[in-house]
Structures are given as structure tokens and as C-alpha cells.
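Welcome! Take a look at the model below, and then try the exercises at your own pace.

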Amino acid sequence: MKLTSKNHFKKYGYTVLRNYFSKDEIEYFKNVLEDQIDKPSQRLFNQEKLWHVVGNKKLINIMNDLVEEKTYFLWHADSKSTSIPEIEYGWHRDNPCRQFGLGDDWDNKNGPYKVLRVGMYFQSFKKSKSSLNIFQNSHKKKITFSQISLFLIKRISRILNLINLKTSKIENYFYNLIGTNIQTDSGDVIIFSGNMLHSATSTKDKKYAIFLTFGVNNIHSENHINYYFYHRKIAGYQKNTIPQAFINFLKSNGIFMHIPDEKKNIRGVSIPK
Ligand SMILES: O=C(O)CCC(=O)C(=O)O
Ligand SMILES: [Fe+2]
């Protein structure tokens, strides 16, 4: 029996909405993303033509239903549009405390962790071979055997790179062994828990994607915002550069969440190099 999105999410920590966007919507997003192809990645609040995707009522309702609580926009949102095939294999979590079980994100005494990442894809799988690998349940369970495999894969890839072999085939093979490989086609949306291990796989053609973050009104969402504005040095997350019109837009959609004015200590915070 096929699980509903909600049951799938509850069981594995992620869900995939296939063909979520219509042909016209896909066309629209593709055009906007094509205009900024290979330019430095922009924060979504500075991309007016993409704002409306954040207020997508159907999507907000799906997220509210998945976590059984009202969700808000957490500001960590950007787009990726590249013509250069990616050869990136960065397994990571998107949350502030990236080591399993360590730090505030993993402490539920002040509220459950309910931060969602949303990946929206607008390129055909056939052409791009784009996929997202996920360690299902890595938001609940420590992955020990897999961590060892990851280490081995990195070593093997590095050696193969050194001797100049075409590694993508071999790497994909390994990734399929250790993760759940979600092939992304135009119009697909993946929603996953922000503390889940994941990695984009290599692509062969253009890739157009938008990533958003939503969460319920609690300490974990507050920490997520604080982390991207004050702990990480990712260009563009500056409170004073956010257009008032976007703030008004979020408020009118009931998804506005306050951005703090200063850095707050987060226990167990990880800062990737
Ligand atoms: O490119 C992708 O599909 C994933 C990107 C990602 O993991 C991120 O932006 O945090
Ligand atoms: Fe990520």
C-alpha cells in the first residue's frame, strides 16, 4: 500500500510531491532561473519574481499538515541555477547543530524539532540526472555504518579524481547503496526534516532549483533563523537588506516570523568550513 505524504513523512522524515507544479508554473520558474544562470546564488527575499512561491497556500497547508502545527517562513531560502554540471557530494544537515544528538536542535524539552526544508526542482531528470540523496531516519537515528561508508567513498573518489578517472558512475553506485536516491524531475518538490542528512548528486546538464525553509513557532525555528543571519557567513542574510514589501507579503500570508537583532548562543552549533 502506498503511504500518504503524511504517513511517509512520519515514518521516514521526508516526502516527495511528484508533479507538484503545473507546466505553466514550471515554465515561469525556469525562465526566471534561466535569467540568473551561473550568477552568484541570491537569497530569495531579494528575488521579487520568486516571492510568490513562498506564499503558495497549497504547499503551506501540506507543511502544516505534515507537522500538525502552523508553519512560518524561516528566511533561509535561495535558488540554484547552473549550467555547469555539479560534482558536489557534500553530505550535510541544514540545521545549526549538525552532529547527531549534540546541541539544542536535538533537545526537545522546549518544543519538538519541526523545521522543514523544501527543495523544488525544474529540470528534467532525463537530461540532468539530478537527484537528492537522503539518509532516511538520520534525523532520528545515529548513522554509524553509513558514516564509515561515507568516509570510504570520499577517500575512493579522491583517489579516482587524482588518477583522473571518470568517477561519477562509480560514485553514484556507492551513493545508491548507502542513501535513498530521489530522482528529481521538473515540477517535483521534496520536503524533508532540516536535521536529516542529505546530499545533491552530480548532474549532467542545467539545474534549476529553489530551496525554502519553514518551521513552527518555537525555539528550533528561532535558532535556525539566528544561525543563518548571525552564525554563518553566507552572503546576503542581512536583516537590513530585506525589502519591506516582502515582510508585508509574509505578514499578509500569515507566515511572517521575526528576525532577531543579534547573535544568540546555540549549544552544539556547527559551522562548516
Ligand atoms: O542542490 C540540491 O539538490 C540540494 C541543496 C542543498 O542541500 C542545500 O541547499 O542545502
Ligand atoms: Fe542542504
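Below are four exercises with worked solutions on this predicted model.

**Exercise 1. Find which residues surround ligand 1, and sort them by character.**

Solution.
- Step 1: Look around ligand 1, where you will find K80, D94, G119, L132, H198, A200, A209 and F211.
- Step 2: Ask which elements give two or more residues to this shell; they are strand 8 (198-200) and strand 9 (207-216).
- Step 3: Sort the shell by character, which gives 4 nonpolar, 2 polar and 2 charged residues.

**Exercise 2. Decide whether strand 7 (residues 189-193) is enclosed or open, and find its partners.**

Solution.
- Step 1: Check burial along the strand. In strand 7, 5 of the 5 residues are buried, so the rest of the structure largely encloses it.
- Step 2: Follow the side chains. V189, I191 and S193 point one way, while I190 and F192 point the other way, and all are buried.
- Step 3: Turn to strand 1 (residues 14-17), which pairs with strand 7 in the antiparallel sense over 4 bridges. Here V16 stands opposite I190.
- Step 4: Now try strand 4 (residues 115-121). Strand 4 and strand 7 also pair in the antiparallel sense, over 5 bridges, and M120 has V189 as its bridge partner.

**Exercise 3. Explore the largest nonpolar core and the surroundings of F214.**

Solution.
- Step 1: Start with the count: the largest nonpolar core has 54 residues.
- Step 2: Pick out the residues with the most contacts inside this core, namely Y14, M63, I191 and F214.
- Step 3: Ask which element gives the most to the core; strand 9 does, with 6 residues.
- Step 4: List the contacts of F214, leaving aside its neighbours within four places in sequence. They are M63, T71, Y72, F73, L74, L116 and V118.

**Exercise 4. Compare the backbone and burial of W75 and K129.**

Solution.
- Step 1: Recall the background: most residues other than glycine have a negative phi.
- Step 2: Read the angles. Phi of W75 is near 75 degrees, a positive value, and phi of K129 is near 60 degrees, also positive.
- Step 3: Place both residues. W75 is in the loop between strand 2 (71-73) and strand 3 (78-82), whereas K129 lies in the loop between helix 5 (125-128) and strand 5 (131-134).
- Step 4: Judge burial, for which 20 or more other C-beta atoms within 10 Å are needed. W75 has 24, so W75 is buried. K129 has 19 C-beta neighbours inside 10 Å, so K129 counts as partly exposed.

Methods
Residues numbered from 1 in each chain as written. Chains lettered and ligands numbered in written order. Predicted model: local features only at pLDDT ≥ 70, side-chain atom pairs only at ≥ 80, totals over all residues. Near = placed C-beta within 6 Å. Nonpolar A, V, L, I, M, F, W, Y, C, P; charged D, E, K, R; others polar. Buried ≥ 20, exposed ≤ 12 C-beta atoms within 10 Å, placed from the backbone. Pairing = 2+ DSSP bridges. Core = buried A, V, L, I, M, F, W, Y, C linked by C-beta atoms within 7 Å. Contact = placed C-beta atoms within 7 Å.
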